[in-house]
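Biologist: I've got a fold to look at before heading back to the bench. Can you walk me through the numbers?

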Amino acid sequence: LGATPLEDALHDLREFLVANPDEVVVVVNQDGVTPEDFVAAVEAAGLGELAYRGPLDDRRPTLREMIDRDERVVFLAENRAGGAPWYRLAYERILQETPYAFASARALVGQAGLRASCRPHRGPADAPLFLLNHWVTTDPLPRPSDAERVNAYDALMRRIRACERERGRRPNLVAVN
């Protein structure tokens with residue numbers, strides 16, 4: 001339900017980047033295809049030329065440097081990377097994150113759940129990038145009312161600030177539904 005073919009999503013991403021030359025995007029692929037097939041799809045969409053190829057440790061460039069080099073997409077894999085030097089494992093050294101499964105808006109942004117919602121999940125504590133996962137997981141379909149509540153500015157900022165206090169660093173990336 002709600003699935004989008006990979007090729008369509010990658011072409012949409014290319015169109016977005018062409019229309020917005022000062023934007024940088026991070027893609028964390030959930031490994032539904034082999035690394036070789038994913039890389040082939042990225043190349044077919046014309047995104048390989050925009051892939052960031054440099055370091056993702058403490059030597060990583062600023063966003064402006066990535067934009068100036070026109071390397072504006074960071075491609076990461078959850079579990080299986082490879083197929084190209086720019087397709088790397090997300091949680092081995094690059095990303096640390098918060099949990100991503102919350103059954104209710106209260107569990108995610110309610111005062112009682114804020115501290116638990118910020119605890120470490122995947123990735124090492126010294127990873128240079130911090131991903132804040134921010135959505136409610138309901139099966140079989142998401143509820144727009146949950147998204148409206150948790151993605152409201154005050155709720156989102158309250159959680160960002162709580163996680164910054166809890167983890168001792170500001171999130172670099174915020175993933176919302």
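Modeller: Sure, one term to begin with: accessible areas come from the Shrake-Rupley method with a 1.4 Å probe, and for residues only the protein chains shown count as cover. This is a predicted model, where local features need pLDDT of at least 70, side-chain atom pairs count only at pLDDT 80 or more, and totals for chains, interfaces and linings use all residues. Residues are numbered from 1 along each chain as its sequence is written, and side-chain values use heavy atoms, with hydrogens and water left out.

Biologist: What share of the exposed area do carbon and sulfur atoms supply?

Modeller: The protein chain exposes about 10000 Å². Of that, the carbon and sulfur part comes to 51%.

Biologist: Which strands are the edge strands of the open sheet?

Modeller: Helices (H or I, at least four residues) and strands (E, at least two) are DSSP runs, numbered from the N terminus, and two strands pair if DSSP finds at least two bridges between them. The open sheet has three strands in the order S4-S5-S6, with parallel pairing. Those pairing on one side only are S4 (95-97) and S6 (173-176).

Biologist: And what is the bridge partner of Leu-131 in S6?

Modeller: Strand S5 covers residues 129-134, and four bridges join S5 to S6. For Leu-131, the partner in S6 is Leu-173.

Biologist: What is the radius of gyration of the protein chain?

Modeller: The chain has seven helices and six strands. Taken over C-alpha atoms, the radius is set against the globule rule, 2.2 Å times the number of residues to the power 0.38. That rule gives 16 Å for 177 residues, so the chain is as compact as a globular protein of that length, with a radius of gyration of 17 Å.
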